[in-house]
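Please find below my notes on this model, set out as numbered points for someone new to reading structures. It may help to keep the 3D view open while going through them.

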Amino acid sequence: METVSSVQLMGSGNQERLPVCLPDFPCLSSCVRLDADHPDAVCWHWHRALELFYLKQGSLEYQTAHQKIVLPEGACGLVNTGVLHRTQVPADSKPVIQLLHLFEPELITPQIPGQLYARYVQPVTDSSGLELLCLLPEDPKCTRIIRRIRESFDLDESIFGYELLRRRQLTDIWLDLLPFVTASCGSMTRSREKAEDLQLKTILVFIQEHLTEPLTVHDLALSAHISERSCYRLFRDCLQSTPVSYIRCLRLRKACRLLVQTPDSITRIAADCGFASASCFASQFRCAFGCTPGTWRKRWQESDTTRHDCDSRKTKKSIS
């Protein structure tokens with residue numbers, strides 16, 4: 001199972017950038033580690049894959065355009081295909097360890113003429129009433145399925161027949177989920193996405209693809225063929241933000257990654273993230289995080305070194 005410390009987004013489609021390619025088997029199981037004080041939470045994004053997750057440690061806030069919930073340790077959830085969402089670690093949470101499966105809906109049953117896909121999968125993926133399904137550990141009705149989801153991450157990916165075993169696991173879990181899904185979304189379907197969802201996604205893709213360039217609200221509105229007033233309303237109602245604040249946040253998150261992951265100069269990072277100048281970048285960075293970009297880089301490099309040393313000592317101890 002792949003372990004990642006952040007989830008990056010693809011410019012085209014604003015979809016999650018998976019840490020490995022999936023050429024043959026449309027499922028990825030991973031362990032994501034996030035800290036409350038690290039701004040590299042997962043930004044607004046969507047993906048065609050279904051997202052099934054288990055919170056092994058810590059609490060995590062999930063937010064869609066119409067729903068926000070803080071899930072406790074031990075909770076599970078399902079994010080529907082194509083749903084715009086983001087996650088964030090609450091300030092009072094311990095470091096988060098999230099186990100998740102990303103898999104294409106066709107893994108359950110192929111999308112071919114016939115009744116299986118239309119009967120068991122399509123009612124879920126087409127549902128306008130289901131964006132995020134939450135299973136809470138204190139609910140006795142959820143105990144069995146939470147245990148099954150948690151245990152699914154123990155499957156050894158190196159064993160012969162792994163793909164078939166994983167598919168069987170997810171199919172069994174899917175059958176257990178269907179009653180919860182039915183209770184959450186009823187009979188509502190979304191054969192077509194809402195016009196506002198498509199407009200907002202178009203704008204977010206445009207921002208990703210032009211993040212290094214000067215951007216105005218007029219530019220964003222033009223990309224989705226809407227008025228500036230409608231653009232402001234979309235960000236306010238769906239993202240609880242303004243276009244300017246969203247762009248600034250996105251640029252600062254990208255800068256944080258580059259500060260930690262590259263040796264590039266502050267001036268180069270400022271330009272690569274779309275800031276007008278290094279001084280403008282430093283000012284906005286200090287306002288957001290209370291320190292200079294250089295101090296941030298030093299702090300996280302030292303943190304990574306400490307974490308690596310601790311992991312090395314644990315490894316040596318286990319070997320001995």
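1. In this predicted model, helix H8 (residues 243-261) and helix H10 (residues 278-289) pack with their axes 11 Å apart and at an angle of about 95°. Because angles from 65 to 115 degrees count as roughly perpendicular, H8 is described as roughly perpendicular to H10. On the H8 side the meeting residues are Arg-248, Leu-252, Ala-255, Cys-256 and Leu-259, and on the H10 side they are Phe-281, Gln-284, Phe-285, Ala-288 and Phe-289.

2. Two of those H10 residues deserve a second look, since Phe-281 and Phe-285 are both buried. They lie four residues apart in H10, and they are therefore separated by about one helical turn. By the ring-pairing rule the model has eight aromatic pairs; in one of them the ring centres of Phe-281 and Phe-285 are 5.7 Å apart and the planes stand at 75°, so this pair is edge-to-face.

3. Which residue does Phe-285 also pair with, in an edge-to-face manner? The partner is Trp-296, with 5.9 Å from centre to centre and 80° between the planes. This pair links distant parts of the chain, as Phe-285 belongs to H10 while Trp-296, eleven residues away, belongs to helix H11 (residues 293-319). Phe-285 has a relative accessible area of 0% and Trp-296 one of 2%; because buried means under 20%, Phe-285 counts as buried, and so does Trp-296. Together with Phe-275, Phe-281 and Phe-289, these two residues form one aromatic cluster.

4. A second helix pair can be read in the manner of point 1. Helix H5 (residues 195-209) and helix H7 (residues 228-239) have axes that come within 11 Å and cross at roughly 100°, which makes H5 roughly perpendicular to H7. The contact involves Glu-196, Gln-199, Leu-200, Ile-203, Leu-204 and Ile-207 from H5, together with Cys-231, Arg-233, Leu-234, Phe-235, Cys-238 and Leu-239 from H7.

5. Turning to the interior, in soluble globular proteins nonpolar side chains tend to be buried together. Here the largest nonpolar core has 32 residues, and those touching the most other members are Leu-52, Phe-103, Leu-135, Ile-149, Trp-174 and Leu-177. Both strands and helices supply at least two residues each, including strand E6 (50-57), strand E11 (96-103), H3 and helix H4 (162-185), and H4 gives the most, with seven residues. A second, separate core of 26 residues includes Leu-84, Leu-200, Leu-204 and Leu-250.

6. Where do the buried residues of helix H3 (residues 143-152) lie around its axis? The residues concerned are Ile-145, Ile-146, Ile-149 and Ser-152, and they cover an arc of only 125° around the axis, which puts them on the same side of H3. Leaving aside residues up to four places away in sequence, Ile-149 touches Leu-52, Phe-53, Tyr-54, Cys-76, Leu-135 and Ile-173.

7. Finally, for the overall picture, the protein has eleven helices and twelve strands, and 45% of its 320 residues count as buried. Among contacts with a separation of 6 or more, 71% are between residues 24 or more positions apart.

Terms used: Residues are numbered from 1 along each chain as its sequence is written. This is a predicted model: local features need pLDDT of at least 70, side-chain atom pairs count only at pLDDT 80 or more; totals for chains, interfaces and linings use all residues. Side-chain values use heavy atoms; hydrogens and water are left out. Buried means under 20% relative accessible area, exposed over 50%, partly exposed in between (1.4 Å probe, protein chains only). The arc is that of the directions from the helix axis to the C-beta atoms. Rings of Phe, Tyr and Trp (its six-membered ring) pair if their centres lie within 6.5 Å; planes under 30 degrees apart count as stacked, over 60 as edge-to-face and the rest as tilted. A nonpolar core is a set of buried Ala, Val, Leu, Ile, Met, Phe, Trp, Tyr and Cys residues joined through side-chain atoms within 4.5 Å. Contact means heavy atoms within 4.5 Å. Axes are lines fitted to C-alpha atoms, for helices over the stretch in contact, and angles run from 0 to 180 degrees between N-to-C directions. Angles under 35 degrees count as roughly parallel, over 145 as roughly antiparallel, 65 to 115 as roughly perpendicular and the rest as oblique.
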